[in-house]
Amino acid sequence: MKQLFIKKENSPRLLLFFAGWGSDENLFRRTVAEGYDCLLCFDYRTLEFDYSLLDGYREIRLLAWSMGVWVAGQILSGILIPGR
(Lines give C-alpha, C1' and ligand atoms only; values in the text may rest on other atoms or scores of the structure.)
Protein backbone atom coordinates (compact mmCIF):
# COMPACT_ATOMS: atom_id res chain seq x y z
CA MET A 1 0.00 0.00 0.00
CA LYS A 2 1.12 3.52 -0.66
CA GLN A 3 0.51 6.27 1.89
CA LEU A 4 0.92 9.86 0.80
CA PHE A 5 0.22 13.08 2.65
CA ILE A 6 -1.85 15.27 0.34
CA LYS A 7 -1.66 18.01 2.96
CA LYS A 8 0.74 18.07 5.93
CA GLU A 9 0.73 21.20 8.08
CA ASN A 10 1.17 19.53 11.48
CA SER A 11 -2.48 19.92 12.37
CA PRO A 12 -3.75 17.94 15.39
CA ARG A 13 -6.52 16.54 13.13
CA LEU A 14 -6.18 14.10 10.25
CA LEU A 15 -8.41 13.05 7.38
CA LEU A 16 -7.41 9.46 6.64
CA PHE A 17 -8.70 8.48 3.20
CA PHE A 18 -8.63 4.97 1.74
CA ALA A 19 -9.20 5.34 -1.99
CA GLY A 20 -10.85 2.88 -4.33
CA TRP A 21 -9.10 0.24 -6.43
CA GLY A 22 -7.08 1.78 -9.26
CA SER A 23 -6.91 5.25 -7.66
CA ASP A 24 -3.62 7.08 -7.39
CA GLU A 25 -2.14 10.21 -5.82
CA ASN A 26 -3.94 12.38 -8.39
CA LEU A 27 -7.30 11.60 -6.80
CA PHE A 28 -7.39 14.92 -4.91
CA ARG A 29 -7.09 18.08 -6.93
CA ARG A 30 -9.26 20.20 -4.64
CA THR A 31 -8.44 21.91 -1.39
CA VAL A 32 -8.50 19.77 1.75
CA ALA A 33 -10.61 21.09 4.64
CA GLU A 34 -8.93 23.75 6.77
CA GLY A 35 -7.53 22.55 10.08
CA TYR A 36 -6.78 19.02 8.83
CA ASP A 37 -3.83 17.15 7.45
CA CYS A 38 -4.83 14.58 4.83
CA LEU A 39 -3.26 11.14 4.34
CA LEU A 40 -4.24 9.25 1.18
CA CYS A 41 -3.93 5.45 1.08
CA PHE A 42 -3.99 3.68 -2.30
CA ASP A 43 -2.34 0.95 -4.41
CA TYR A 44 -3.34 -2.09 -2.37
CA ARG A 45 -0.95 -4.65 -3.89
CA THR A 46 0.27 -5.16 -0.33
CA LEU A 47 -1.50 -4.32 2.92
CA GLU A 48 1.59 -3.03 4.70
CA PHE A 49 0.61 0.08 6.66
CA ASP A 50 2.90 2.51 8.49
CA TYR A 51 0.93 3.12 11.68
CA SER A 52 3.56 5.63 12.87
CA LEU A 53 2.09 8.15 10.40
CA LEU A 54 -0.96 8.34 12.69
CA ASP A 55 1.09 9.24 15.79
CA GLY A 56 0.40 12.59 17.39
CA TYR A 57 -3.07 13.18 15.98
CA ARG A 58 -5.77 14.00 18.54
CA GLU A 59 -8.55 13.39 16.03
CA ILE A 60 -8.64 11.14 12.97
CA ARG A 61 -11.56 11.17 10.56
CA LEU A 62 -11.80 8.11 8.36
CA LEU A 63 -13.07 8.30 4.79
CA ALA A 64 -13.14 5.28 2.50
CA TRP A 65 -14.48 4.54 -0.94
CA SER A 66 -15.02 1.32 -2.89
CA MET A 67 -12.14 -1.15 -2.30
CA GLY A 68 -10.80 1.26 0.32
CA VAL A 69 -13.73 0.37 2.60
CA TRP A 70 -12.57 -3.25 2.77
CA VAL A 71 -8.89 -2.27 3.15
CA ALA A 72 -9.65 0.20 5.96
CA GLY A 73 -11.55 -2.55 7.79
CA GLN A 74 -8.58 -4.90 7.47
CA ILE A 75 -5.96 -2.31 8.45
CA LEU A 76 -7.79 -0.57 11.28
CA SER A 77 -9.59 -3.52 12.86
CA GLY A 78 -8.94 -3.39 16.59
CA ILE A 79 -7.07 -0.07 16.42
CA LEU A 80 -8.21 2.79 18.65
CA ILE A 81 -8.78 5.87 16.48
CA PRO A 82 -8.47 9.21 18.35
CA GLY A 83 -11.58 11.38 18.35
CA ARG A 84 -14.15 8.56 18.31
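Visitor: Let's start with a cysteine. Is Cys38 buried or exposed?
Guide: Happy to begin there, and please keep in mind that this is a predicted model. The relative accessible area of Cys38 comes to 2%. A residue counts as buried under 20%, so with its 2% Cys38 is buried.

Visitor: How many disulfides does a search of the whole structure find?
Guide: A disulfide needs two cysteine sulfur atoms within 2.5 Å. The search covered the whole structure, and the number of disulfides it found is 0.

Visitor: Then which cysteine sulfur is nearest to that of Cys38?
Guide: Cys38 is in no disulfide. Its nearest cysteine sulfur is 9.1 Å away, and the cut-off for a disulfide is 2.5 Å. The residue that carries this sulfur is Cys41.

Visitor: And what is the relative accessibility of Cys41?
Guide: Cys41 is in no disulfide either, and the nearest cysteine sulfur to its own is that of Cys38. Cys41 counts as buried, because its relative accessibility is 0%.

Visitor: On to the sheet. In what order do the 4 strands lie?
Guide: The 4 strands form an open sheet with mixed pairing. Its edge strands, each pairing on one side only, are E1 (2-7) and E4 (59-64). From one strand to the next the twist averages 20 degrees. Read across the sheet, the order is E1-E3-E2-E4.

Visitor: How many bridges join E2 to E4?
Guide: Strand E2 covers residues 13-18, and 5 bridges join it to strand E3 (residues 37-42), with the two running parallel. E2 and E4 run parallel as well, and the number of bridges joining them is 6.

Visitor: Where does helix H1 pack, and what angle does its direction make with that of E2?
Guide: Within the sheet, Leu15 stands opposite Cys38 in E3. Helix H1 (residues 67-76) packs on the sheet and touches E2 and E4. The angle between the direction of H1 and that of E2 is about 120 degrees.

Visitor: Which residue of E3 is the bridge partner of Leu16?
Guide: Leu16 has a bridge partner in E4, namely Leu62. Its bridge partner in E3 is Leu39.

Visitor: How many of the 6 residues of E2 are buried?
Guide: E2 is paired with E3 through 5 bridges and with E4 through 6. The strand is mostly covered, and the number of its residues that are buried is 5.

Visitor: Which residues have the most contacts inside the largest nonpolar core?
Guide: The core has 20 residues. E2, E3 and H1 each supply at least two of them. Met1 also touches residues such as Cys41, Val71 and Ile75. The residues with the most contacts inside the core are Met1, Leu16 and Phe18.

Visitor: The side chain of Asp37 reaches which backbone nitrogen?
Guide: Asp37 is placed in strand E3 and is buried, with a relative accessible area of 0%. Its contacts beyond four places in sequence include Lys7, Arg13 and Tyr57. At 3.4 Å, its side chain reaches the backbone nitrogen of Asn10.

Visitor: Is Asn10 itself buried or exposed?
Guide: Asn10 is in the loop between E1 and E2 and has a positive phi of about 60 degrees, although it is not a glycine. For comparison, most residues other than glycine have a negative phi. Since residues over 50% count as exposed, the 64% relative accessible area of Asn10 makes it exposed.

Visitor: Where is Asp43 placed?
Guide: Asp43 is not a glycine, yet it has a positive phi of about 60 degrees. It counts as buried, because its relative accessibility is 18%. Its place is in the loop between E3 and E4.

Visitor: One last residue, then: how far apart in space are Leu4 and Phe42, C-alpha to C-alpha?
Guide: Leu4 lies in strand E1 and is partly exposed, with a relative accessible area of 35%. Leaving aside neighbours within four places in sequence, the residues in contact with Leu4 include Glu25, Cys38 and Phe42. Leu4 and Phe42 are 38 residues apart in sequence, and their distance in space is 8.5 Å.

Key
Residues numbered from 1 in each chain as written. Predicted model: local features only at pLDDT ≥ 70, side-chain atom pairs only at ≥ 80, totals over all residues. Heavy atoms only, no water. Pairing = 2+ DSSP bridges. Axes fitted to C-alpha atoms, helices over the stretch in contact; angles between N-to-C directions. Contact = heavy atoms within 4.5 Å. Buried < 20%, exposed > 50% of the residue type's maximum accessible area, 1.4 Å probe, protein only. Core = buried A, V, L, I, M, F, W, Y, C linked by side-chain atoms within 4.5 Å. Polar contact = N/O pair within 3.5 Å; in protein donor to acceptor, adjacent residues only side chain to side chain.
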